[in-house]
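Trainee: Please give me a close look at the salt bridges in this model. I would also like enough of the surroundings to place them.

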Amino acid sequence: MSGRHKTPPAAAQDWAIVDASIEKRMTEITAWLRDNQVFEPNPEEMGSVERAYWHFGYLRALEDMRVQLQRRSRSHH
């Protein structure tokens, strides 16, 4: 018997739901950043610099969290 743990089907399904939720939120934030021209800043159209900064930081946090969860998921296979 292998020393590796297999992820139970329910856990894999739960991970798929979490991953899809993170992906959806990342897409929404990226769209907001693009719509508000944060990737090509124009201060008059961008709105609050603080709000853009918060959204960008939140996007990065989601990306980091997703990577960590993916690593954890792979290590349990």
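Mentor: Helices are DSSP runs of H or I with at least four residues, strands are runs of E with at least two, and both are numbered from the N terminus. This is a predicted model, so local features need pLDDT of at least 70 and side-chain atom pairs count only at pLDDT 80 or more, while totals for chains, interfaces and linings use all residues. Residues are numbered from 1 along each chain as its sequence is written, and side-chain values use heavy atoms, with hydrogens and water left out.

The setting comes before the pairs. The protein has three helices and zero strands, and its pattern along the sequence is α-α-α. Confidence is given as pLDDT, which the predictor assigns to each residue from 0 to 100. The average for the protein is 76, and 71% of the residues score at least 70. Among the elements, helix α2 (residues 43-46) has the lowest mean pLDDT, 56, and α3 has the highest, 85.

Now the charged pairs. Side chains of opposite charge can pair when their charged atoms come close. A salt bridge here is a side-chain nitrogen of Lys or Arg within 4 Å of a carboxyl oxygen of Asp or Glu. By this rule there are five salt bridges.

Take Glu23 and Arg66, whose side chains meet in a salt bridge with an N to O distance of 2.5 Å. This pair links distant parts of the chain, with Glu23 in helix α1, Arg66 in helix α3 and their positions 43 residues apart. To place the two partners, call a residue buried under 20% relative accessible area, exposed over 50%, and partly exposed in between (1.4 Å probe, protein chains only). Glu23 is partly exposed because its relative accessibility is 34%. Arg66 has 16% relative accessibility, so Arg66 counts as buried.

Other salt bridges lie within one helix. In one of them, Lys24 pairs with Glu28, and their closest N and O atoms are 2.6 Å apart. Lys24 and Glu28 are four residues apart in helix α1, so about one helical turn separates them. Lys24 is exposed because its relative accessible area is 52%, whereas Glu28 is partly exposed at 33%.

In helix α3, the side chains of Glu63 and Arg60 also meet in a salt bridge, at 2.4 Å from N to O. Glu63 and Arg60 are three residues apart in this helix, so they too are separated by about one helical turn. Both partners are partly exposed: Glu63 has 24% relative accessibility, and Arg60 has 38%. Elsewhere, Asp19, Glu23 and Arg66 are joined into one network by salt bridges that share partners.

Asp19 sits in helix α1. With 16% relative accessibility, Asp19 counts as buried. A contact means heavy atoms within 4.5 Å. Leaving aside residues up to four places away in sequence, Asp19 touches Arg66 and Gln70.

What lies around these pairs? The largest nonpolar core has eight residues: Ile22, Met26, Ile29, Trp32, Leu33, Ala52, Leu59 and Leu62. Helices α1 (9-35) and α3 (49-75) each supply at least two residues of this core. Its largest share, five residues, comes from α1. A nonpolar core is a set of buried Ala, Val, Leu, Ile, Met, Phe, Trp, Tyr and Cys residues joined through side-chain atoms within 4.5 Å. One core member, Leu62, touches Ile22, Arg25, Met26 and Ile29, again not counting residues up to four places away in sequence.

Another core member, Trp32, lies in helix α1. Trp32 counts as buried because its relative accessibility is 17%. The C-alpha atoms of Trp32 and His55 are separated by 8.2 Å, although the two residues are 23 apart along the chain.

Helix α3 carries the other side of the Glu23-Arg66 pair. Its buried residues are Ala52, His55, Leu59, Leu62, Arg66 and Ser73. The helix has 27 residues and reaches 39 Å from its first C-alpha to its last, close to the 39 Å expected at 1.5 Å a residue. That expected span is 1.5 Å times one less than the number of residues in the helix.

For the whole protein, 21% of the 77 residues are buried. Of the contacts between residues at least 6 apart in sequence, 67% join residues at least 24 apart.
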